[in-house]
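Work through the exercises below with the model open. Try each task before reading its solution.

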Amino acid sequence: MGFVVKKAKREEVYAKIALMGASGSGKTYSALRVATGMSTELEKLGKPNKILLGNTEASRGLYYANEFEYDIVDLAAPFTPEMYVDFINFAVKEGYGILIIDSTSPEWDECLRLQQQAGGNYQAWGKISPRHDKFIQSIADSPIHIIATMRGKDQYEVEKNDNGKTTVKKLGVGAKQRDGFEYEFTCTFLLDQKTNMADVQKDNTHIFEADGSMVLTERHGEKVIEWANSGEGYTPPVRNSKPDTGIEANEINEKISQIDNLAKALGEAGVSKTDIANAVKKHFVVNGKPSANYNAIKNSEVAEIVIKELESLIK
């Protein structure tokens, strides 16, 4: 095989920003503030700067229409990967400079539903994963600046109130999306529900690395565009086809740990061992028989479905 060597040269970049957080953490508002700053800077550069918001959050997409200038499209179920890809292509074709996708989590929920519809087994992911991968590639490769929000992925802790009653409390961390999805972006932020402050989880720009917790503002959007346009020229990405290599073992182990954490919390909250075991058996089969031994799960998506089933037991 021949290899072509050339001098590395910084080119212009279409920034992709991810905002993760629990409900009420300020994802939509922060996205609009950052997008507005991006728009201001793009206008200075004479580049397309209109903002389009793809809304899956009912009327919440209009809450801030009196504070920011943007267009909106209400996205409707089913939230398939293809629908999201079509919407991204639509935004590019219509000449928008910034696209806010609020939120991407319904796409992953739909993938989980489709996997169950296709048989609910490991083989079913052979049909669903390529569809999800195309959505990821569309975000990464499209010639438009994108801000994507994601609902927080839940962890749990057991609390006792003043009356001694035990409850299970959800803690929104990470992203409610396929493992690793949040790292496909230029910058990824985790927003705190109580303070609305953002902590950077990944930063290819090196702009935010030393900032600590921050409230995302228009100035942050301006800085991203300044960085994105600090190169010369733009080469559309070309991807080589490659086989699906499957889910890494550490991702599976992380989910098994989450199942274990949730199962223990449910037990401490009074949920019977039988109900917990049946929730696992509903989706996990070994040698043709339902199994409650979640430590033997070898597929990340099966583990995630078990987590959702256990979550339904929270009272």
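Two strands pair if DSSP finds at least two bridges between them. Helices (H or I, at least four residues) and strands (E, at least two) are DSSP runs, numbered from the N terminus. The model is predicted: local features need pLDDT of at least 70, side-chain atom pairs count only at pLDDT 80 or more, and totals for chains, interfaces and linings use all residues. Residues are numbered from 1 along each chain as its sequence is written, and side-chain values use heavy atoms, with hydrogens and water left out.

**Exercise 1. Strand S8**

Task: find which strands S8 is joined to by bridges, and decide whether S8 is buried or exposed.

Solution.
1. Start with S1 (residues 16-21). It is joined to S8 by 5 bridges, and the two run parallel. Ile17 stands opposite Cys187 of S8.
2. Go to S9. Again 5 bridges link it to S8, but here the strands run antiparallel. Leu191 has Ala198 in S9 as its bridge partner.
3. Look at the connection. S8 and S9 form a hairpin with 6 residues between them. In the turn, Asn196 has a positive phi of about 60 degrees.
4. Apply the burial cut-offs: buried means under 20% relative accessible area, exposed over 50%, partly exposed in between (1.4 Å probe, protein chains only). In S8 (residues 187-191), 5 of the 5 residues are buried, so the strand is largely enclosed by the rest of the structure.
5. Check each face. Cys187, Phe189 and Leu191 are buried on one side, and Thr188 and Leu190 are buried on the other.

**Exercise 2. Unusual backbone**

Task: locate the cis peptide bonds at Pro78 and Ser103, then inspect phi at Ala58 and His206.

Solution.
1. Recall the background. Most residues other than glycine have a negative phi, and most peptide bonds are trans.
2. Take Pro78. A cis bond joins it to Ala77, with omega about 5 degrees. Pro78 lies in the loop between strand S3 (71-74) and helix H2 (81-93).
3. Take Ser103. Its cis bond is to Asp102, with omega about 20 degrees. Ser103 sits in the loop between strand S4 (98-102) and helix H3 (105-117).
4. Turn to Ala58. Phi is positive, about 55 degrees, although the residue is not a glycine. Ala58 is in the loop between strand S2 (51-55) and S3. Its relative accessible area is 63%, so Ala58 is exposed.
5. Finish with His206. Phi is near 65 degrees, a positive value in a residue other than glycine. The loop between strand S9 (198-203) and helix H5 (218-228) holds His206. With a relative accessible area of 55%, His206 is exposed.

**Exercise 3. Two glutamates**

Task: which residues touch Glu304, and which touch Glu41?

Solution.
1. Place Glu304. It belongs to helix H8 (residues 300-311). At 10% relative accessibility, Glu304 counts as buried.
2. List its contacts (heavy atoms within 4.5 Å). Leaving out residues up to four places away in sequence, Glu304 touches Trp108, Leu112, Gln177 and Lys255.
3. Find the polar contact, a pair of N or O atoms within 3.5 Å; within protein, one must be able to donate a hydrogen and the other to accept it, and residues adjacent in sequence count only if both atoms are side-chain atoms. The side chains of Glu304 and Trp108 make one at 2.7 Å.
4. Place Glu41. Helix H1 (residues 27-44) contains it. Glu41 is buried, with a relative accessible area of 11%.
5. List the contacts of Glu41. Not counting residues up to four places away in sequence, Glu41 touches Glu222, Ile225 and Glu226.
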